[in-house]
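Me: Could you choose one strand in this structure and look at it really closely? I'd also like to see how the chain around it is put together.

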Amino acid sequence: MANLPSNPAHPTQASLMLSVKQQLGEFQLAATLDLPGRGVTGLFGASGSGKTSLLRLIAGLDKSAEGSIHLGDRALLDTRRGVFIPPHRRRIGVVFQEARLFPHYRVRGNLTYGMPRHAESRFDEIIELLGIEALLERMPGTLSGGEARRVAIGRALLSDPQLLLMDEPLTGLDGARKEELLRYITRLTQQVDIPVVYVSHDPEEISAIADHLVLMNKGQVQASGSLGTLLQRFDLTHQLGGFDAASLLEGEVVAHEEAYGLTHLALDCDHQLVLPGTSAPLGRRLRVRILARDIALALTPPAHTSYRNQLNATISDFTILPEAPYTVELRLSIGTFTLRARLTRKSWDEMGLKQGMQVTALIRSVSFNAL
Amino acid sequence: MTLSPAEWEAIRLSLLIGLAAVAWILPPGIAVAWWLARHEFRGKAIVDGLIHLPLVLPPVVVGYLLLVALGRQGVIGQWLYSTLGISLPFTWQGAAVASGVMAFPLLVRALRLSLEAVDPKLEAAASTLGASRWRIFTTITLPLAVPGLLTGTVLAFARALSEFGATITFASNIPGETRTLPLALYTLIQTPGQEATAARLCIIAIVIALLSLIASEWLARRTRQRLQERDG
């Protein structure tokens with residue numbers, strides 16, 4: 001994938017390390033995190049869990065915290081040593097919930113507001129990536145919600161940040177606009193070479209975009225790890241409830257069946273999935289989200305079935321969650337992948353399923369959620 | 001209607017003193033308005049009250065206080081005269097100081113309201129884009145407060161133009177130096193047989209005041225429109 005020319009001023013990506021405490025009304029925000037220097041970190045939690053407050057602390061927009069924040073080898077905050085770098089010297093781009101465009105500048109003026117000279121060469125590439133070439137001479141008041149967000153994202157990127165923070169950038173957009181902007185953001189995060197922290201309370205957004213997940217609850221970090229790993233954890237099923245117990249699989253587009261509108265996705269050399277046709281070109285890597293409840297199990301491969309996908313799997317693990325006593329949560333290993341599935345207790349007992357058993361996992365083609 | 005040289009002189013002096021007054025109060029006026037709009041501090045009400053004092057005090061009191069402070073024997077005036085050789089009383093510059101002090105609260109009031117209406121979220125966004133406080137103020141805050149700045153400036157100008165009490169107390173009524181339009185009018189009224197000339201000056205004063213109000217309204221509307229420009 002073509003990366004934008006990286007800026008010589010900071011050739012290495014900076015990872016974010018923080019350990020902060022802040023009193024927030026009823027609860028205390030207390031977070032210790034060490035985030036990777038590349039990829040997208042989803043900051044997930046219910047409203048009021050402290051996501052936005054944490055973001056403000058990282059950006060330096062709120063001074064009332066104790067602790068330390070480091071971006072790469074730079075100390076942004078270290079209350080013990082009396083260090084507080086003001087926001088304008090942190091080199092952290094922020095995309096706010098509202099676009100916050102400057103109403104008295106044209107789109108072009110907004111985009112170049114924070115642009116240092118050495119970032120000028122990226123201007124054309126970024127506006128093309130965001131599809132805002134045609135908007136340059138417009139005033140912000142004339143833009144639609146989705147257009148304004150895209151300009152705000154471009155503006156933040158052109159300020160040449162070392163870290164990009166996005167605070168629920170899809171808030172207030174309707175379904176179609178939301179999907180469109182999410183596509184732009186996904187594309188962008190794959191091509192821009194800086195780490196991104198993406199705040200959201202929407203599981204769909206997070207699973208579309210994040211590589212790493214931080215789960216927040218009442219001001220505390222409840223779990224932090226790669227998104228795929230956290231989604232496999234039974235103990236987080238309730239907290240990640242909105243995620244609807246799903247698995248993420250990634251594969252490469254290897255064939256299109258135009259006549260039936262189907263796309264073949266190779267997970268590895270032994271395993272392929274058939275999913276509803278997409279316009280993705282051959283060779284493109286796609287992420288698919290498979291809901292646990294969309295998977296059925298069979299003891300032997302059924303001969304006549306409408307299930308397009310039949311994969312040989314081993315039951316690697318299972319549990320019965322106290323909050324759902326009549327369903328069984330299980331993990332299946334398929335080659336090198338893990339898939340979550342959910343069965344009724346009755347099916348589990350009648351089929352005599354056990355840990356370590358060989359089964360066939362059946363996945364309907366239509367249940368794919370290509371992102 | 002042709003104007004006599006004395007009338008021209010009064011108009012010229014009024015405009016000169018009005019402009020000079022606005023020019024010197026603009027920098028401190030902007031600073032004070034911004035400070036009041038963006039900061040909470042102990043004793044803010046007192047500072048606010050002090051700034052508004054010239055609006056409610058008899059102008060003669062302001063003129064007298066200026067004499068005490070800036071007169072040649074005054075606390076600051078003595079220093080001004082001995083070190084810089086500047087003497088303000090009985091000069092047009094002194095008249096500009098007096099009318100500026102009287103106009104100051106009008107400027108600060110209008111500007112402060114406008115600055116308070118500027119969304120601090122935009123300023124926060126600018127800071128994350130690398131803008132220093134000074135750059136944020138000059139590129140975001142002040143430009144968005146231009147309608148208030150214009151209204152305040154025109155109000156202050158009109159007030160300075162028509163200032164009477166403080167000016168006559170501090171700078172006296174000297175033809176060609178400090179005799180502005182209101183002072184000329186006052187002199188004419190005191191002089192028997194000059195009723196017609198007084199009436200003419202009165203009309204001129206009304207015309208100038210109206211023109212500046214219309215100009216301010218027009219400018220403010222234009223800026224608002226520019227801020228909300230829509231296509232089609």
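Reply: Here's the whole chain first, then the strand, then its surroundings.

A quick note before we start: residues are numbered from 1 along each chain as its sequence is written, while chains are lettered from A and ligands numbered from 1 in the order in which they are written. This is a predicted model, where local features need pLDDT of at least 70 and side-chain atom pairs count only at pLDDT 80 or more, but totals for chains, interfaces and linings use all residues.

Chain A has eight helices and 21 strands (DSSP runs numbered from the N terminus, with helices being H or I and at least four residues, strands E and at least two). Its C-alpha atoms fit in a box of roughly 65 × 50 × 35 Å along the principal axes. For 371 residues, a compact globule would have a radius of gyration near 21 Å, and chain A's 23 Å agrees with that (this is taken over C-alpha atoms, and the globule rule is 2.2 Å times the number of residues to the power 0.38). Of those 371 residues, 39% are buried (20 or more other C-beta atoms, placed from the backbone, within 10 Å of the residue's own; 12 or fewer is exposed, and in between is partly exposed). Take the contacts in chain A between residues at least 6 apart in sequence: 68% of them join residues at least 24 apart (a contact means C-beta atoms, placed from the backbone, within 7 Å).

Now for the strand: let's take β3, residues 40-44 of chain A. Five of its five residues are buried, so β3(A) is largely enclosed by the rest of the structure. In a regular strand, side chains alternate between the two faces of the sheet. Here one side carries A:Val40, A:Gly42 and A:Phe44, the other carries A:Thr41 and A:Leu43, and both faces are covered.

What does β3(A) pair with in the parallel sense over five bridges? That's β9(A), residues 196-200 (strands pair if DSSP finds at least two bridges between them). Within that pairing, A:Gly42 sits opposite A:Tyr198. β3(A) also runs parallel to β10(A), residues 212-217, with four bridges joining the two. There, A:Thr41 has A:His212 as its bridge partner.

For a contrast, try β13(A), residues 262-266. Its covered face holds A:Thr263 and A:Leu265, whereas A:Leu262, A:His264 and A:Ala266 make up the uncovered one. β13(A) runs antiparallel to β12(A), residues 246-257, and five bridges hold that pairing. The two form a hairpin with four residues between them, and A:Gly261 in the turn has a positive phi of about 65 degrees. On the other end, a hairpin of five residues leads from β13(A) to β14(A), residues 272-276, again an antiparallel pairing with five bridges. Keep an eye on A:Leu265: A:Val253 stands opposite it in β12(A), and A:Leu273 is its bridge partner in β14(A).

Zoom out to the domains. Chain A is assigned domain 1 (16-243) and domain 2 (247-370), with bounds from an automatic or database domain assignment. Their C-alpha centres lie 33 Å apart, and the contact between them uses eight residues of domain 1 and 10 of domain 2. Helix α7(A), residues 227-232, supplies the largest share of domain 1's side, four residues. That side splits into three nonpolar, five polar and no charged residues (Ala, Val, Leu, Ile, Met, Phe, Trp, Tyr, Cys and Pro are nonpolar; Asp, Glu, Lys and Arg charged; the others, Gly among them, polar).

Finally, the nonpolar core (buried Ala, Val, Leu, Ile, Met, Phe, Trp, Tyr and Cys joined through C-beta atoms within 7 Å). The largest one has 157 residues, and A:Val151, A:Leu165 and A:Ala361 touch the most other members. Helix α5 of chain B, residues 92-116, gives the most to this core, 15 residues. Both domains of chain A give residues to the core, so it lies between them. Beyond its neighbours within four places in sequence, A:Ala361 is in contact with residues including A:Ile295, A:Leu311 and A:Leu332.

One last stop is A:Pro140, in the loop between α3(A) and α4(A). A:Pro140 counts as buried because 23 other C-beta atoms lie within 10 Å. A:Ala99 is 41 residues from A:Pro140 in sequence, yet their C-alpha atoms are 9.6 Å apart.

Key. Two residues are in contact if their C-beta atoms, placed from the backbone, lie within 7 Å.
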